[in-house]
Amino acid sequence: MEKQNLSVLNEFLLMGVTNRPELQAPFFVLFFLVYVASVVGNLGMIILTKLDERLQTPMYFFLRHLAFIDFGYSTAVGPKMLVSFVTNENTINYNWCAIQLALFIFFIISELFVLAAMAYDRYVAICSPLLYTVIMSQKVCWVLVTIPYLFSAFLSLITTIKIFISSFCGHNVISHFYCDSLPLLTLICSGTHDIELIILIFSAFNLISSLSVVLVSYILILVAIFRMNSAEGRHKAFSTCGSHLTVVIVLYGTLSFMYIQPKSNHSFETDKMASVFYTLVIPMLNPIIYSLRNKEVKGAIQKLWKNLCKVCI
């Protein structure tokens, strides 16, 4: 493939998840089902927590935004990935590639800080239950999601603009199934030191700062739990925290593996598998882990189902 300059480059070629023909059909069916489950689960959670009056609490407020974020970044990546399994030439328009990168960065950073806000919410609920409604007021809840959204949008624009104002003079083949920052850097012929530094510094800051909030919150939660006299209360608190911690560990682990390491150590094949996990699997699991195991959500679903049945009859 001939080298191309930025002025004539109008599309990229995505390598997809796999280049083995025998795996194309099974992967399409698998990831289609995963994506549909993710969309149904997250949109369902948004609608349910908005309609049911029993779910108008800070915890479900954050769950609603988490569902919105999960729906956002899985949709930014999922449909295009599914197309790659049924087309011979998986190309993406230059501008759409920039939009996909910007959306993905925005949603993935937002998820980190919303998870941190949820950890703080659980800390207040367990350690200061009598002051919970005062501390976690509607205004505070909106601040805890608005600031991450604004910060994420800022970083998303900076990273995307820095990458796409650079000169792509190499091959236009992206060794990934979506437009991610690290594979795109390998296509830039001008100096990438500044962009790499921005990605490294802000990735480390985002991971460390949000994870610090989670760790501090859970250390204080564990101290409060061990001081509880009620075994039932301890079990309930552990159950709630365990679900949240499971997703936190998996998400932070895969992101740390991908971004907090030198570019020379990256294996894009390994990164693609990790990316599939946190772009499709985690968004599918989150509604189940956080909500469908919850009695209040189950009750809201049953109530909604009964109302729908009455309307149909």
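**Helix packing in a predicted model**

Visitor: Let's start with helix 1 and helix 2: at what angle do their axes cross?
Guide: This is a predicted model, so take the geometry as computed from it. Helix 1 covers residues 21-51 and helix 2 covers residues 58-84. Their axes come within 9 Å, and the crossing angle is roughly 155 degrees.

Visitor: Is that pair roughly parallel or roughly antiparallel?
Guide: The axes cross at roughly 155 degrees. Angles over 145 degrees count as roughly antiparallel. Therefore helix 1, relative to helix 2, is roughly antiparallel.

Visitor: Which residues dominate by class there: how many nonpolar, polar and charged ones make the contact of helix 1 with helix 2?
Guide: The crossing of these two, helix 1 and helix 2, is left-handed. Sorted by class, their contact has 3 charged, 8 polar and 15 nonpolar residues.

Visitor: Staying with helix 2, is Phe62 buried or exposed?
Guide: Phe62 sits in helix 2. The cut-off for buried is under 20% relative accessible area. Phe62 comes out at 0%, so the verdict is buried.

Visitor: What does Phe62 touch, leaving out residues up to four places away in sequence?
Guide: One partner, Cys141, is 79 residues away along the chain, yet the two C-alpha atoms are separated by 7.8 Å. With sequence neighbours up to four places away set aside, the residues touched by Phe62 are Val114, Ala117, Met118, Asp121, Met136, Cys141, Leu144 and Val145.

Visitor: How are helix 3 and helix 5 oriented to each other?
Guide: Helix 5 spans residues 138-164, and its axis is 8 Å from that of helix 3. The packing angle is about 150 degrees. Over 145 degrees is the cut-off, so helix 3 and helix 5 are roughly antiparallel.

Visitor: And how many charged residues does the contact of helix 3 with helix 5 have?
Guide: Helix 3 passes helix 5 in a right-handed crossing. The contact has 20 nonpolar and 5 polar residues, and as for charged residues, it has none.

Visitor: Now helix 3 and helix 7: roughly parallel or roughly antiparallel?
Guide: Helix 3 runs over residues 94-127, and helix 7 over residues 193-226. Their axes are 9 Å apart, at an angle of about 20 degrees. Angles under 35 degrees count as roughly parallel, so helix 3 is, with respect to helix 7, roughly parallel.

Visitor: Which hand does the crossing of helix 3 and helix 7 have, left or right?
Guide: Among the residues making this contact are Phe113 and Tyr120 of helix 3, and Asn206 and Val213 of helix 7. The contact counts 18 nonpolar, 4 polar and 1 charged residue. The crossing of helix 3 past helix 7 is left-handed.

Visitor: Asn206 of helix 7 caught my eye: which residues is it in contact with, apart from neighbours within four places in sequence?
Guide: Asn206 lies in helix 7. Its relative accessible area is 4%, and with under 20% as the cut-off, Asn206 is buried. Skipping neighbours within four places in sequence, the contacts of Asn206 are Ile109, Leu112, Phe113, Phe151 and Leu155.

Visitor: Zooming out, in what order do the elements of the protein run?
Guide: The protein has 10 helices and 3 strands. Listed from the N terminus on, the order is β-α-α-β-α-α-α-β-α-α-α-α-α.

Visitor: Last one: what share of the contacts with a separation of 6 or more links residues 24 or more positions apart?
Guide: For the whole protein, 46% of the 313 residues count as buried. The exposed surface is about 15900 Å², with 69% supplied by carbon and sulfur atoms. As for contacts with a separation of 6 or more, the share from residues 24 or more positions apart is 80%.

Notes: Residues are numbered from 1 along each chain as its sequence is written. This is a predicted model: local features need pLDDT of at least 70, side-chain atom pairs count only at pLDDT 80 or more; totals for chains, interfaces and linings use all residues. Side-chain values use heavy atoms; hydrogens and water are left out. Helices (H or I, at least four residues) and strands (E, at least two) are DSSP runs, numbered from the N terminus. Buried means under 20% relative accessible area, exposed over 50%, partly exposed in between (1.4 Å probe, protein chains only). Contact means heavy atoms within 4.5 Å. Accessible areas come from the Shrake-Rupley method with a 1.4 Å probe; for residues, only the protein chains shown count as cover. Axes are lines fitted to C-alpha atoms, for helices over the stretch in contact, and angles run from 0 to 180 degrees between N-to-C directions. Angles under 35 degrees count as roughly parallel, over 145 as roughly antiparallel, 65 to 115 as roughly perpendicular and the rest as oblique. A crossing is left-handed if the near helix is turned anticlockwise from the far one by less than a right angle, and right-handed if clockwise. Ala, Val, Leu, Ile, Met, Phe, Trp, Tyr, Cys and Pro count as nonpolar, Asp, Glu, Lys and Arg as charged, and the others, Gly among them, as polar.
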